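This report describes burial, contacts, the nonpolar core and a pocket in one protein model. Please keep the sequence and the coordinates at hand while reading.

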Amino acid sequence: MAEVAATNPASRARSLRVVVAWFLVTRLIVLAVAQVGGANAIDRFKDAWAPGNKFLSTGTPPHPLLEPTVRWDAILYIGLAREGYTPPREGPVWDIAFFPAYPYAVSLLENVVGDTFIAAFILSHVEALLAALLILLLGRRHFSEELGLRAAMLFLCAPGAGFLSYPYTEAQFAMFTTLALLLSLENRPLSAGLAGALASATRSTGLVVTLVLLWSAWEHRRDVRVAFERLVGAALSTGGIVAYSLFCWQRHGDPLAWMHIQKWWNRHTSVLGPFKAFLAFDHDPDYYLVSITAIVVAVMALRRMPIWVSLANAFLILLPISTGTLASMIRFQSNNVPLLLSAAKLLEGKRFRIAVVACTALMMFETYLYAVGYAHN
């Protein structure tokens, strides 16, 4: 366990104020840049909500202020929240690739606020703020106050942090995984397992919680009772992905339908996948920049962070690129909480300030491209 520096109430209060203020600033930046991008949207998205546009339209259009935040996968999440999963049919069923926790939560909130887009907007922002506060708490309790603050700030301005404001799973995934990691480190493996189940019902990479709990069980292998609790927690953490696989089996006759549909996006998991991803040269330089930076940070943190952080980093970096593509790596690594903790450990003082400026600038760039309609998602 990392050495934890003591903090006083005034320091904790200051960190809380900074995180909340930075949350408000970054969200305003994202929404403002999205408006600029939306005003320059490509033709495909200019008429995205026009009657008869069966590919993009999903019922009543969003408010003009929210329209630039609804692109690509967000449209499918909105559709899932409104109508549920598409029944079996000829050809690919695209929405089976998307796990149910986020659209189901949007659907529940829609019953309260009366609009799917507003529900998604509220949910994503509330979960983003909670995730940032949980990252601060995780850093405070198990590393240091300043490290937690730096990690939370990086989370809110990472290159893909614009997705925290969209109808995407990024904020929810970060919230549930951080909560699970926090509970695991505080010797509450069963509660961690339940939080992990929610993470694995949000995205398949929620299994990172399973990995951390299994490692914890190994660390406590000499104490049978403690190790057993962690193994039970690890089993519980798979609950989300197991339940969704059973649904896919019942609906489509294939428990791994959510994985097999990925072939339509040219994703094929293999040992050589990471090499293919980097050597394909089929993505813009920003994907390479973020992916290489993530690997460098993870490697540099090997001797400076606990083993569970390195294991989680390896899992959350290598699993996506093992499919042979760098697609989505910008947003995937922007809510890789162990990676953010690692970066916060490596960056202090002037280097951290430079990193915040650079990340914020890249976040604005990615937000603009997304709102225009380019496939930077």
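Does Leu236 count as buried, partly exposed or exposed, and what is the relative accessibility of Leu236? At 34% relative accessibility, Leu236 is classed as partly exposed; buried means under 20% relative accessible area, exposed means over 50%, and partly exposed lies in between, with a 1.4 Å probe and protein chains only.

The model is a predicted one, in which local features need pLDDT of at least 70 and side-chain atom pairs count only at pLDDT 80 or more, while totals for chains, interfaces and linings use all residues. Residues are numbered from 1 along each chain as its sequence is written, and side-chain values use heavy atoms, with hydrogens and water left out.

**Partly exposed helix residues**

Leu236 is placed in helix 10 (residues 224-237); helices are DSSP runs of H or I with at least four residues, numbered from the N terminus. Leaving aside neighbours within four places in sequence, Leu236 is in contact with Leu190, Gly193, Leu194 and Ala197, where contact means heavy atoms within 4.5 Å. From C-alpha to C-alpha, Leu236 and Tyr102 are 19 Å apart in space, and 134 residues apart in sequence.

Val113 belongs to helix 4 (residues 101-113) and is likewise partly exposed, with a relative accessible area of 34%. Apart from neighbours within four places in sequence, Val113 is in contact with Ile118, Ala119 and Ile122. Ala13, in helix 1 (residues 9-39), is partly exposed at a relative accessible area of 30%. The C-alpha atoms of Ala13 and Leu326 are separated by 39 Å, with these positions 313 residues apart along the chain.

**Positive phi in loops**

The table lists two asparagine residues with a positive phi.

| Residue | Phi | Loop | Relative accessibility |
|---|---|---|---|
| Asn187 | near 60 degrees | between helix 7 (170-185) and helix 8 (189-200) | 53%, exposed |
| Asn266 | about 60 degrees | between helix 12 (257-260) and helix 13 (273-279) | 58%, exposed |

**Buried polar residues**

Ser124 is found in helix 5 (residues 116-142). Ser124 counts as buried because its relative accessible area is 1%. A polar atom of the Ser124 side chain lies 2.8 Å from the backbone oxygen of Tyr166. Beyond neighbours within four places in sequence, the contacts of Ser124 include Tyr102, Leu164, Ser165, Tyr166 and Pro167.

Asn336 sits in the loop between helix 16 and helix 17 and is buried, at 1% relative accessibility. The side chains of Asn336 and Gln333 are joined by a polar contact of 3.0 Å; such a contact is a pair of N or O atoms within 3.5 Å, of which, within protein, one must be able to donate a hydrogen and the other to accept it, and residues adjacent in sequence count only if both atoms are side-chain atoms. Not counting residues up to four places away in sequence, Asn336 touches Asn313, Leu316 and Ile317.

**The nonpolar core and helix 17**

The largest nonpolar core has 105 residues, of which Phe155, Leu156, Trp308, Leu326 and Leu341 touch the most other members. Helix 5 gives the most to this core, with eleven residues. A nonpolar core is a set of buried Ala, Val, Leu, Ile, Met, Phe, Trp, Tyr and Cys residues joined through side-chain atoms within 4.5 Å. Setting aside neighbours within four places in sequence, Phe155 is in contact with residues including Ala128, Ala131, Ala132, Ile135 and Leu340.

Helix 17 is largely enclosed by the rest of the structure, because nine of its ten residues are buried. Among the buried residues of helix 17 are Val337, Pro338, Leu340, Leu341 and Ser342.

**The second largest pocket**

The second largest pocket has a volume of about 550 Å³. Its lining has 22 residues, of which Thr293, Val297, Ala343, Leu347 and Cys359 lie nearest the centre of the pocket. On a 1 Å grid over the protein atoms alone, a pocket is an open set of points where a 1.4 Å probe fits, with protein on both sides within 12 Å along at least five of seven lines, and lining residues have an atom within 4 Å of a point. Volume is the space filled by probe spheres set on the points, which are joined across faces, edges and corners.

Helix 14 (285-300), helix 16 (329-334), helix 17 (337-346) and helix 18 (349-372) each supply at least two lining residues. Helix 14 provides the largest share, seven residues. By class, the lining has 18 nonpolar, three polar and one charged residues.

Key. Nonpolar A, V, L, I, M, F, W, Y, C, P; charged D, E, K, R; others polar.
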